[in-house]
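User: I'd like to learn how to read cysteines and charged pairs in a structure. Could you walk me through it?

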Amino acid sequence: MQAFTILSGLVAPLDRANVDTDAIIPKQFLKSIRRSGFGPNLFDEWRYLDHGEPEQDCSNRPLNKEFILNQPRYKNAQILLVRKNFGCGSSREHAPWALLDYGFRAIIAPSFADIFFNNCFKNGILPIILTEEDIEQLFQAVFANEGYQLTVDLAKQQVISPDNKTFNFSVDEFRKHCLLNGLDDIGLTLQHADDIRRYESTRKQTAPWLFA
């Protein structure tokens, strides 16, 4: 998993509340468990005017020009600004996979659905909770200023605006440690690889029938 330390990136404002995981990545794309390749189908039903299918070439599909991610000023955005209860609905981990594959590394919202919130940390995305007042202020700034960027400093737990206004956020210390060091569940397990090998070696001596 890619470590998250400091991110300075363009902000895309998705001015919607209660965005569920089926909107983030529709159900027909859940057949694959590759963790990659979902970016072109992020918000598929909102980005395109036709019905999307797995393995479809999206390069020539008709675009919904009104949708925020199809507007040139938000191309290559890495920070997604959204309203409350983002990621509600089903628990599909494909939702953060799609967001990450598209290029988003941080999501800023007043609140998140719990399972989606947890899945973000497991996949290298930092979900940041700010007050609704702060969120509204950021939406207004993004709409008013083309090319609006924010800096997210995970170590300091701060979001910093271009005019140096600072928004502080909270994050669990263990999750913070994992993100700063790029450790997903597998990475955490591999930190104990020597202990695991010693245990297996001992078990082969004490219970050889288990390894027959």
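Analyst: Happy to; we will take the cysteines, then the salt bridges. Keep in mind that this is a predicted model.

User: Let's begin with the cysteines. How many disulfides are there?

Analyst: The general idea is a distance test: a disulfide needs two cysteine sulfur atoms within 2.5 Å. Here that test gives zero disulfides. Take cysteine 120, which is in no disulfide: its nearest cysteine sulfur belongs to cysteine 88 and is 13 Å away.

User: Why is cysteine 178 not in a bond?

Analyst: Its closest cysteine sulfur, in cysteine 120, is 15 Å away, and that is too far for a bond.

User: Are these two residues buried or exposed?

Analyst: Here the cut-off helps: buried means under 20% relative accessible area. Cysteine 120 has 0% and is buried. Cysteine 178, at 7%, counts as buried too.

User: Now the charged residues. What is the general idea behind a salt bridge?

Analyst: Side chains of opposite charge can pair when their charged atoms come close. In this structure, a search of the whole model finds six salt bridges.

User: Which residue pairs with aspartate 15?

Analyst: That is arginine 83, with 2.6 Å from N to O. Arginine 83 sits in the loop between strand E2 (79-82) and helix H3 (94-102), while aspartate 15 sits in the loop between strand E1 (6-14) and helix H1 (21-24), so the salt bridge ties together parts 68 residues apart in sequence. Arginine 83 is buried at 19% relative accessible area, whereas aspartate 15 is partly exposed at 42%.

User: Which salt bridge joins arginine 83 to a helix?

Analyst: The one with glutamate 136, where N and O are 2.9 Å apart. Glutamate 136 lies in helix H5 (residues 132-144) and arginine 83 in the loop between E2 and H3, so this pair links parts 53 residues apart in sequence. Salt bridges with shared partners thus join Asp15, Arg83 and Glu136 into one network. As for glutamate 136, its relative accessible area is 31%, making it partly exposed.

User: Where do the partners in the salt bridge of aspartate 44 and arginine 61 lie?

Analyst: The closest N and O atoms of this pair are 2.8 Å apart. Aspartate 44 is in helix H2 (residues 44-47) and arginine 61 is in the loop between H2 and E2, so the salt bridge ties together parts 17 residues apart in sequence. Aspartate 44 is buried, with 0% relative accessibility, and arginine 61 is buried at 6%.

Key
Residues numbered from 1 in each chain as written. Predicted model: local features only at pLDDT ≥ 70, side-chain atom pairs only at ≥ 80, totals over all residues. Heavy atoms only, no water. Buried < 20%, exposed > 50% of the residue type's maximum accessible area, 1.4 Å probe, protein only. Salt bridge = Lys/Arg side-chain N within 4 Å of Asp/Glu carboxyl O. Helix = DSSP H or I, 4+ residues; strand = E, 2+ residues; numbered from the N terminus.
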